[in-house]
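Here is a short report on one protein model. It looks at strands, cores, a helix and a pocket.

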Amino acid sequence: MPQQTIEELYEQALVRKQNPQIGSYTDYLYQKGLDKILKKVGEESTEVILGAKNNNEELIYETSDLLFHLMVLLVEKGISLDDIKDELGSRLGKKSILHERANWRGEKKMKKTVQALAAYQAELPVETVKEKYGLQHLARLSANESVYGPSPKVAQAVRAVSDNILGYYPDGQATELRDAVAKLNHVDPQHLVFGAGADELIELLTRVVLEPGSNIIIPDPTFGEYAMHAQIEQSTTKKIPVNTADGHVDFDAILDAIDDKTAMVWIANPNNPTGVFEKVSAIKRFLDKLPASITLVVDEAYYDFVDEPDATVAPLVTEYTNLVVLRTLSKAYGLANLRVGYGIMQNPLYTAMQAVRLPYNLSTYQIAGGTAAVLDQEYLQKNVQRFQVERQTFQEFLTQNKFKFYESQANFIWIKVGETKKVGQKLLEQGFQVNDRLNPEWIRIALGTPEDNAELKVAFLKATKQ
């Protein structure tokens, strides 16, 4: 694709303004790679952005929306919004117009911590990718979903819900699901908070615990939503690198990073995207050293895939009031589309979380389907065993071919490939959609069916020129 000039991008952005349903300016500019154009920000590039447009007062006014989104991109590169506004305003010679319009779009209407957030990049639809690359089959291995789907009993339960309920609110306490989950995990039903996936619970926990100026501590890399929601709540994030040799969390370094502003520590276990599992004994030792004023959230989204008997810290919730355990039915249970998650916690967090969550955040269909999934443990365990076998087989393949990877206990593997985007593109062209957006050198591949995994090995060697 030929490179586009700033002026061409600008004209296309004006067209986009007439079609707001397509997406925001910022999303559009990201798609066009304008962040790359602006990678080196200086006097010359600023003049180019404004060039040929600063003689028309009307266009300057109309362009201020676009300029604001350019500012957002620049802020992500570490340049303060105020500095950018002053610089662009002085160059325009219309500072008052620019400030008035920018304030209307940003400062008076949203948190400064939200202005620089980028929208989540979801996978392209399967049919779109197949058509683009002329594929008969596409293995979607990018979002850690279960290729086996949910128990057949889930669809039966959802279909069995009467149409008569549509005009009424659902059970705000999700009683049927609450009882099933409590029995499965041997926990008090009044220690469970339900949400639309674990994502909603992450959002609510940060809303309850974090205050402006506080901070959280996370391993690096890990699931991006922890830092994102901390930023929304005007908190900062301290990232502690995992052990480079094996990917394990450096608990001692986390303890050393704690200060009087630290409010939360997040541990995904197994970790996403590394797949590395921390033993319960290691987390308990960490808890014993962690100040009781700091909330530890252990996100066990992938714990069902662990092949060790002692895989969850849920029993410790009764011992530590500052411990929260998160679970989801989106992964091993195969219910990613239904959006059901839950948290296990004591008071005072339980009461606070119940107060801030929406009163009817799970529909009757989610409650019925989620309950059916939880009750069918035979189906769950059958699929978990399939994943464990395929995981072992694929990791043996990686070892034989001398790839660096972290030993995974999840349904995905984190592999060092060098040029991630290049490898990801070559795999996509061969019919394998993987996650190449997380790191420039490491790629995350979810496990598929045995047939897909066998073909993936051949495609992977080709993509990496092995």
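Two strands count as paired if DSSP finds at least two bridges between them. With that rule in hand, look at strand S2, residues 192-195, in this predicted model. S2 pairs with strand S8, residues 341-344, in the antiparallel sense. Four bridges link S2 and S8. Within this pairing, Gly195 of S2 faces Gly341 of S8.

**Strand S2 and Gly195**

In a regular strand the side chains alternate between the two faces of the sheet. S2 has Leu192 and Phe194 pointing one way. Val193 and Gly195 point the other way. All four of these residues are buried.

Why does Gly195 count as buried? Gly195 has 0% relative accessibility, so it counts as buried, since buried means under 20% relative accessible area. Gly195 and Val340 are 145 residues apart in sequence. In space, their C-alpha atoms are 6.1 Å apart. Leaving aside neighbours within four places in sequence, the contacts of Gly195 include Val340, Gly341, Asn361 and Leu362. Glu200, Leu201 and Arg339 are also in contact with Gly195.

**Strand S7 and its partners**

Strand S7 covers residues 323-328. Six of its six residues are buried, so S7 is largely enclosed by the rest of the structure. Leu323, Val325 and Arg327 lie on one side of S7. Val324, Leu326 and Thr328 lie on the other. Both faces are covered.

S7 is joined to strand S6 and to S8, as the table shows, along with the pairing of S2 and S8.

| Strands | Sense | Bridges | A facing pair |
|---|---|---|---|
| S2 and S8 | antiparallel | four bridges | Gly195 and Gly341 |
| S6 and S7 | parallel | four bridges | Val297 and Val324 |
| S7 and S8 | antiparallel | four bridges | Leu326 and Gly343 |

**The nonpolar cores**

The largest nonpolar core has 77 residues. Which of them touch the most other members? They are Leu296, Leu323, Ile415 and Leu427. Helix H18 gives the most to this core, with seven residues.

Ile415 has a long contact list. Leaving aside neighbours within four places in sequence, Ile415 is in contact with residues including Phe394, Leu398, Phe403 and Phe405. Trp442, Ile443, Ile445 and Phe460 are among the contacts of Ile415 too. Charged residues also appear: Lys404 and Glu441 are in contact with Ile415.

A second, separate core has 23 residues. Val193, Ile218, Ala230 and Trp266 are among them. Val193 belongs to S2, and Ala230 belongs to helix H13.

**Helix H13**

H13 spans residues 225-232. Its buried residues include Glu225, Tyr226 and Ala227. His229 and Ala230 are buried as well. What covers the buried residues of H13? The cover includes helix H12 and strands S3, S4, S5 and S6. Just after H13, Gln234 takes a positive phi of about 65°.

**The second largest pocket**

Rolling a probe the size of a water molecule over the atoms shows where empty space is left. The second largest pocket holds about 230 Å³ of space. Its lining has 17 residues. Tyr303, Asp304, Val306, Ala311 and Gln381 lie nearest its centre. Helix H11 (175-185) and H18 (377-400) are the elements that give two or more residues to this lining. H18 gives the most, with six residues.

What classes of residue line the second largest pocket? Eight are nonpolar, six are polar and three are charged. H18 thus appears twice in this report: it gives the most to the largest core and the most to this lining.

Technical notes
Residues numbered from 1 in each chain as written. Predicted model: local features only at pLDDT ≥ 70, side-chain atom pairs only at ≥ 80, totals over all residues. Heavy atoms only, no water. 1 Å grid on protein atoms, 1.4 Å probe; cavity = no way out; pocket = protein on both sides within 12 Å on 5 of 7 lines; lining within 4 Å. Points joined across faces, edges and corners; volume = space filled by probe spheres on them. Buried < 20%, exposed > 50% of the residue type's maximum accessible area, 1.4 Å probe, protein only. Core = buried A, V, L, I, M, F, W, Y, C linked by side-chain atoms within 4.5 Å. Contact = heavy atoms within 4.5 Å.
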